[in-house]
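Work through the following exercises with the structure open beside you, and try each task before you read its solution.

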Amino acid sequence: MSTLKVYNSLTRQKETFEPLVNGHVGMYVCGPTVSGESHMGHARPFITFDIVYRYLMHLGYKVRYVRNITDAGHFEEEGREAEDKISKKATIEKLEPMELVQKYTNLYHWAMSQFNNLPPSIEPTATGHIVEQIGMIETIIADGYAYEVNGSVYFDVEKYNTDFAPKGQPYGMLSGRVLEDMLETTRDLDNQEEKRNKADFALWKNAPPEHIMRWKSPWGEGFPGWHIECSAMSTKYLGDQFDIHGGGMDLQFPHHECEIAQSTVCNHKTPARYWLHNNMITVNGKKMGKSYGNQISLTQMFTGNHPILEQAYAPMTIRFFILQTHYRSTLDFGNEALKAAEKGLKRLWEAYELSQKIELTAVQSADAALDATVRKLLATFDEYMNDDFNTAKVLASMFELVPVINGIKDKHIAADALSAETWQLLQKQLKLFVEDIFGLKSELAGGDGKLDGVVQLLITIRLDAKTKKDYVTSDKIRNELATLGIQLKDERDGGTSYSVN
RNA sequence: GGUCCUGUGGCCGAGUGGCUAGGCAGAGCUCUGCAAAAGCUUCUACAGCGGUUCGAAUCCGCUCGGGACCUCCA
């Protein structure tokens with residue numbers, strides 16, 4: 001079997017994946033900032049790296065998957081009045097950061113479970129690691145790569161670059177930036193005058209009086225800079241150097257670049273060996289993001305409650321939609337594309353369920369060509385996944401198996417066309433990839449069997465009516481069920497199956 | 001302005017120089033009491049112009065278009 005190759009942003013090429021410690025993989029993925037609700041764009045990395053996580057485990061690795069929750073920093077709820085922060089108000093009336101954080105963390109966890117994403121091994125919070133962050137900043141200062149100004153601490157990018165560029169670790173190595181170029185183009189920011197250099201970034205920020213989240217530090221009351229939490233927590237749980245660092249492409253610079261600089265100073269190593277970045281989801285060609293105001297939150301997706309949504313889209317539809325594209329390509333959002341995904345998933349899922357029910361018994365296949373084709377298609381699953389997690393190609397192979405499965409059901413294809421051995425391989429491989437690795441699941445809620453019992457009863461009644469050629473009754477049953485979203489299908493063998501939309 | 005990515009058929013998308021994914025939509029047929037589903041068949045592609053090559057969607061150059069990052073952002 002082929003070996004796993006991943007595209008490493010750091011080297012800009014596909015590389016064979018080799019973990020640092022045999023049999024173990026450490027993976028860090030940048031998680032959400034819980035000051036607002038997650039949107040479609042956020043769903044992408046979490047689904048992408050859920051697949052990576054699942055696939056690595058399938059390959060037999062023991063994976064420690066760390067995904068942080070950013071709950072510290074400059075906190076305000078989106079759209080909330082600034083006066084909430086004013087200290088004159090009663091405590092209960094004021095914005096309580098932890099309440100906000102709790103609310104959106106809960107929502108986020110709920111959305112992740114809707115998507116059937118496995119929980120990470122460790123989900124550390126920034127607020128829970130202030131001590132580690134301060135410790136790291138102290139080390140950086142002690143080593144001379146950071147300086148304090150008015151209670152804030154900044155990372156000295158130029159000094160870092162001067163010292164580490166000769167070692168082959170220049171600042172900008174991940175995003176392909178050259179420091180000299182950046183010094184001229186960086187725009188003005190708050191407190192820019194405090195920095196020695198425009199490219200310097202904050203490790204610790206002094207908290208102005210009205211700032212609601214604040215901690216004591218050697219430099220006064222303040223809060224950690226944007227990048228330090230990931231360095232502190234990845235080091236703590238994965239070590240000085242670990243295997244995979246993941247996140248959205250928009251984090252490559254400056255976030256991951258700064259992470260590399262901080263960690264390299266403290267640990268003397270480039271923190272992660274493989275940097276994996278997923279591309280963006282776009283709306284009408286524009287990235288879905290805060291800056292563009294074109295976000296569609298996950299609850300809006302699930303309910304269809306948004307002006308540009310023509311209908312609600314189920315979590316599995318969205319998951320499938322995302323899997324249909326390679327993670328490093330942009331994915332354009334649109335109702336037509338989502339509807340296509342919805343129908344495609346339904347077709348795939350129904351064929352998959354069928355495949356698990358049908359049993360074939362032929363000792364030898366009567367159609368050697370078809371048998372070989374099926375085996376070849378099944379083998380591509382692993383091959384394509386090993387090629388930088390190409391879920392799109394795996395799905396294409398699966399769809400090529402759908403006519404075979406349906407053909408056997410409809411008896412267009414003889415029951416002995418495939419050998420029992422091939423069929424069992426198909427059942428096993430489909431189960432493994434559809435459910436275990438792609439994490440797809442039936443949209444049918446509950447499954448307590450009551451609905452099935454009721455539908456089966458109606459099917460029996462309808463069959464009686466049909467036998468008596470009482471088509472008025474039989475069509476009424478079928479039509480009424482259809483309006484409820486239950487579709488009856490008369491099979492060739494005289495039986496009736498149904499599917500729920 | 002700097003760095004980088006990208007332009008595939010009605011829509012979404014995969015594509016390692018030759019064997020032209022896949023899904024959705026459209027058309028026809030089969031099956032069916034009628035439907036639906038399913039099956040079979042079918043249609044439409046590689047932004048433009050040059051170049052390299054026996055051969056290019058795939059490599060190179062130019063033009064035009066789109067986008068990302070450089071500021072919070074998945």
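**Exercise 1. Enclosed space in the protein**

Task: find how many cavities of 30 Å³ or more the predicted model has, and describe which residues line the largest cavity.

Solution: We begin with the count, which comes to 3 cavities of 30 Å³ or more in this predicted model. The largest cavity holds about 100 Å³ of space, and its lining consists of Arg44, Ile47, Thr48, Ile51, Val52, Ile322, Leu323, Thr325, His326, Tyr327, Phe389 and Thr391. The next step is to place these residues on the fold: the elements that give two or more residues to this lining are α1 (40–58) and α9 (315–323), and α1 gives the most, with 5 residues. If we then sort the lining of the largest cavity by class, we find 7 nonpolar, 4 polar and 1 charged residues. Finally, at the level of domains, domain 1 (19–278) and domain 2 (283–437) each provide at least three residues of the lining of the largest cavity.

**Exercise 2. The second largest cavity**

Task: determine which helix gives the most residues to the lining of the second largest cavity.

Solution: We first note that the volume of the second largest cavity is about 50 Å³. Its lining is made up of Gly36, Glu37, Ser38, Tyr104, Leu107, Tyr108, Trp110, Ala111, Leu298 and Thr299. Looking for the elements behind these residues, we see that α2 (97–114) and α8 (298–303) each supply at least two of them, and that α2 gives the most, with 5 residues. Sorted by class, the lining of the second largest cavity has 6 nonpolar, 3 polar and 1 charged residues.

**Exercise 3. The surface near the RNA**

Task: describe the residues that surround RNA strand B, and give the polar contacts that aspartate 475, glutamine 487 and aspartate 490 make with the strand.

Solution: We count 63 residues around RNA strand B, and the closest are His42, Trp226, Leu251, Lys287 and Met288. On the side of the RNA, sugar and phosphate make up 68% of the strand B atoms that come within 4 Å of the protein. On the side of the protein, helix α12 (residues 391–409) gives the most to this surface, with 8 residues, and the surface as a whole divides into 19 nonpolar, 23 polar and 21 charged residues. Turning to single contacts, an N or O atom in the side chain of aspartate 475 is 2.8 Å from a base nitrogen of RNA strand B, whereas an N or O atom in the side chain of glutamine 487 is 2.7 Å from a sugar or linking oxygen of the strand. Aspartate 490 uses a backbone N or O atom, which lies 3.2 Å from a base nitrogen of RNA strand B.

**Exercise 4. Annotated residues**

Task: explain why the residues that UniProt lists for "binding site" can be said to gather at one spot.

Solution: The unreviewed UniProt entry lists Cys30, Cys230, His255 and Glu259 under "binding site". These residues span 230 residues in sequence, yet no two of their C-alpha atoms are more than 11.2 Å apart, so they gather at one spot. One of them, cysteine 230, lies in helix α6 (residues 228–238).

**Exercise 5. Backbone exceptions**

Task: examine the peptide bond between phenylalanine 253 and proline 254, and the phi angle of phenylalanine 389.

Solution: As a starting point, most residues other than glycine have a negative phi, and most peptide bonds are trans. The bond that joins phenylalanine 253 and proline 254 is cis, with omega about 0 degrees, and proline 254 lies in helix α7 (residues 252–267). Phenylalanine 389, although not a glycine, has a positive phi of about 55 degrees, and its place is the loop between α11 (368–386) and α12. Phenylalanine 389 also appears among the residues that line the largest cavity.

Technical notes
Residues numbered from 1 in each chain as written. Chains lettered and ligands numbered in written order. Predicted model: local features only at pLDDT ≥ 70, side-chain atom pairs only at ≥ 80, totals over all residues. Heavy atoms only, no water. 1 Å grid on protein atoms, 1.4 Å probe; cavity = no way out; pocket = protein on both sides within 12 Å on 5 of 7 lines; lining within 4 Å. Points joined across faces, edges and corners; volume = space filled by probe spheres on them. Helix = DSSP H or I, 4+ residues; strand = E, 2+ residues; numbered from the N terminus. Nonpolar A, V, L, I, M, F, W, Y, C, P; charged D, E, K, R; others polar. Domains from an automatic or database assignment. Near = heavy atom within 4 Å. Polar contact = N/O pair within 3.5 Å; in protein donor to acceptor, adjacent residues only side chain to side chain. UniProt positions renumbered as here; feature names shortened; annotations may be inferred.
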